[in-house]
Amino acid sequence: MNNTSIEQIGCFKTILDPYNGITIEQTSLPSTKDEFEINLDYLIEETKEKRNLVWIYIGINHSDFIPLATSRGFIFHSCDESYVLVVKRLIPNAIIPTSANHTLGVGAVVINENEELLVIKEKISTIGYKLPGGHIDNGEMISSALEREVLEETGIKVEFQSIISLGHFYPHQF
C-alpha cells in the first residue's frame with residue numbers, strides 16, 4: 001500500500017498514513033457500542049502484524065465508544081470541541097507524532113504611498129495601537145491569512161509581499 005491507500009477492515013474505512021499507521025474515518029464508525037467493540041477487536045487482530053498505529057477520531061456523538069477504545073490500549077492524543085483523537089501502538093516504541101501545540105498568527109506592516117503605517121485600535125484593549133492581524137486558520141496559508149485579517153480589521157485590501165519577522169511567545173496564546 002502507498003500512503004494514500006484506503007482499506008475496508010470490518011465496518012471501518014481506514015486510511016494508511018506515513019507512519020505505517022491507519023486512521024479510521026469517523027464516518028465509518030458504527031452506530032452501536034456492540035458493533036464498535038466487535039469491529040475494533042477484529043481490526044486490532046487483523047492489523048497487529050502489519051501496522052504500527054491505529055488512530056480513531058471519536059466524535060462527541062459516539063463518546064460512549066471511548067471506554068471501549070481505552071480498555072484496548074488506546075490513549076488520548078488530541079481533541080477539539082467535537083471529537084477526541086485516540087491512538088494505539090500496535091508495535092512497541094512505534095512513533096506517535098505530537099499534536100500541534102502552537103497557535104500561529106500574522107501581523108501586517110502596511111505602508112501607503114505617503115510613508116504612513118497602518119495601525120488599528122483594539123476593541124478589547126484601549127491601550128495604544130497595534131498592527132492589523134490575527135490567527136491563521138487551520139490549513140490557511142500565511143499570505144491568505146494576512147490579506148484576510150487586514151481586510152476584516154480595516155476594510156483595506158492588501159497584497160502579501162514577504163515575511164519580515166517571526167516571533168515566538170510561550171506559553172500564552174495572546
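Leaving aside its neighbours within four places in sequence, which residues is Ser28 in contact with? In this predicted model, the partners of Ser28 beyond that stretch are Cys11, Phe12 and Lys13. Ser28 itself belongs to the loop that runs between strand 3 (21–24) and helix 1 (33–47). With a relative accessible area of 14%, Ser28 falls under the 20% limit and therefore counts as buried. Its side chain also reaches the backbone oxygen of Glu25, at 2.8 Å.

One of the contacts of Ser28 is Cys11, and this cysteine makes a good place to turn to the sulfur chemistry of the model. Cys11 has a relative accessibility of 24%, so it is classed as partly exposed. Cys79, by comparison, is classed as exposed because its relative accessibility is 55%. A search of the whole structure for disulfides returns 0.

The interior comes next. The largest nonpolar core has 21 residues, and those that touch the most other members are Phe36, Leu40, Leu43, Val54, Ile56 and Phe74. Several elements contribute at least two residues each to this core: strand 2 (12–16), strand 3, helix 1, strand 4 (53–59), helix 2 (66–70) and strand 6 (83–89). Helix 1 provides the largest share, with 4 residues. Leu40 gives a view of the surroundings: neighbours within four places in sequence aside, Leu40 is in contact with Phe12, Ile56, Leu68, Ala69, Arg72 and Phe74. Another core, of 8 residues, lies apart from the largest one, and its members include Val106, Val110, Leu118 and Leu146.

Leu146 leads on to helix 3, where it is buried along with Ala145, Glu149 and Val150. These four residues cover an arc of only 125 degrees around the axis, which means that they sit on the same side of helix 3. Among the elements covering the buried residues of helix 3 are strand 7 (105–107) and strand 8 (133–135). The length of this helix can be checked as well. Helix 3 has 13 residues (residues 142–154), and at 1.5 Å a residue the expected span is 18 Å; the C-alpha atoms at its ends are 18 Å apart, so the two values agree. Just after helix 3 comes Gly155, which takes a positive phi of about 80 degrees.

Conventions. Residues are numbered from 1 along each chain as its sequence is written. This is a predicted model: local features need pLDDT of at least 70, side-chain atom pairs count only at pLDDT 80 or more; totals for chains, interfaces and linings use all residues. Side-chain values use heavy atoms; hydrogens and water are left out. The expected span of a helix is 1.5 Å times one less than its number of residues. Buried means under 20% relative accessible area, exposed over 50%, partly exposed in between (1.4 Å probe, protein chains only). The arc is that of the directions from the helix axis to the C-beta atoms. Contact means heavy atoms within 4.5 Å. A disulfide is a pair of cysteine sulfur atoms within 2.5 Å. A polar contact is a pair of N or O atoms within 3.5 Å; within protein, one must be able to donate a hydrogen and the other to accept it, and residues adjacent in sequence count only if both atoms are side-chain atoms. A nonpolar core is a set of buried Ala, Val, Leu, Ile, Met, Phe, Trp, Tyr and Cys residues joined through side-chain atoms within 4.5 Å.
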